[in-house]
Amino acid sequence: LLACTSLWSIGSRFLINYSIDLSELILNAVALEVVLAVDEAFYTLAPSCAKLLVAKLDLLPGTHKLGHFRGLDPRAGFLTALLIVSVVVVSTVELSPLVKRVEASREILCDGDSQFVYSVDPGYVVYYSK
């Protein structure tokens, strides 16, 4: 769970900060999905005897499944709530400043003021001066 959450968080920041064009965003999102789904791909390619061994595994002694509440698995409900909270946090913490920078850049470049100089560094940060 921790590894998946870390990959999701770092991957979201990567998509937000390093995807300038829509085509780059789509390509990076597909790359992130490949990284997140590589374990399922390995299981698909596993031999049938390994799949049979995994299917025969039982719960460890002392562990038990939590009860369901009106058909909802508590773990699934918790993970769904965690996903919703993390999407809200990422959108407010990461996306809002990026949108403000893009809007400021648009105002600078599109308001008719042609007396400026700009530069873009390797991290795609735009610097300008009037």
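Visitor: In which sense do strand β1 and strand β2 pair, and over how many bridges?

Guide: In this predicted model, strand β1, residues 117-120, and strand β2, residues 126-129, pair in the antiparallel sense over four bridges. One of the pairs to look for joins valine 120 to its bridge partner in β2, valine 126.

Visitor: What do β1 and β2 form, and how many residues lie between them?

Guide: The two strands form a hairpin with five residues between them, and in the turn tyrosine 124 has a positive phi of about 65°.

Visitor: Where do these strands stand in the pattern that the chain follows along the sequence?

Guide: The chain has five helices and two strands, and, read along the sequence, the pattern is α-α-α-α-α-β-β, with the two strands after the helices.

Visitor: How should I read a side chain in a strand, and is tyrosine 118 buried or exposed?

Guide: As a general idea, side chains in a regular strand alternate between the two faces of the sheet. Tyrosine 118 is found in strand β1, and it counts as exposed because its relative accessible area is 53%, where the cut-off for exposed is over 50%.

Visitor: Which residues is tyrosine 118 in contact with, leaving aside its neighbours within four places in sequence?

Guide: With those neighbours left aside, tyrosine 118 is in contact with Val126, Tyr127 and Tyr128. The C-alpha atoms of tyrosine 118 and lysine 130 are separated by 8.8 Å, although these residues are 12 apart along the chain.

Visitor: How is empty space found, and how much of it lies in the second largest pocket?

Guide: The general idea is that rolling a probe the size of a water molecule over the atoms shows where empty space is left. Here, about 430 Å³ of space lies in the second largest pocket. This pocket is lined by 16 residues, of which Cys4, Thr5, Trp8, Leu82 and Ser86 are the closest to its centre. The elements that give two or more residues to the lining are α1 (2-18) and α5 (74-110), and the largest share, nine residues, comes from α5.

Visitor: How do the residues of that lining divide by character?

Guide: The lining of the second largest pocket divides into 10 nonpolar, three polar and three charged residues.

Visitor: What share of the chain counts as buried, and what does the chain expose?

Guide: Of the 130 residues of the chain, 8% count as buried. The chain exposes about 10900 Å², and carbon and sulfur atoms supply 68% of that area. As for contacts with a separation of 6 or more, residues 24 or more positions apart account for 29% of them.

Notes:
Residues are numbered from 1 along each chain as its sequence is written. This is a predicted model: local features need pLDDT of at least 70, side-chain atom pairs count only at pLDDT 80 or more; totals for chains, interfaces and linings use all residues. Side-chain values use heavy atoms; hydrogens and water are left out. On a 1 Å grid over the protein atoms alone, a cavity is a set of points where a 1.4 Å probe fits but cannot get out, and a pocket is an open set with protein on both sides within 12 Å along at least five of seven lines; lining residues have an atom within 4 Å of a point. Grid points are joined across faces, edges and corners, and a volume is the space filled by probe spheres set on the points. Ala, Val, Leu, Ile, Met, Phe, Trp, Tyr, Cys and Pro count as nonpolar, Asp, Glu, Lys and Arg as charged, and the others, Gly among them, as polar. Two strands pair if DSSP finds at least two bridges between them. Buried means under 20% relative accessible area, exposed over 50%, partly exposed in between (1.4 Å probe, protein chains only). Contact means heavy atoms within 4.5 Å. Accessible areas come from the Shrake-Rupley method with a 1.4 Å probe; for residues, only the protein chains shown count as cover.
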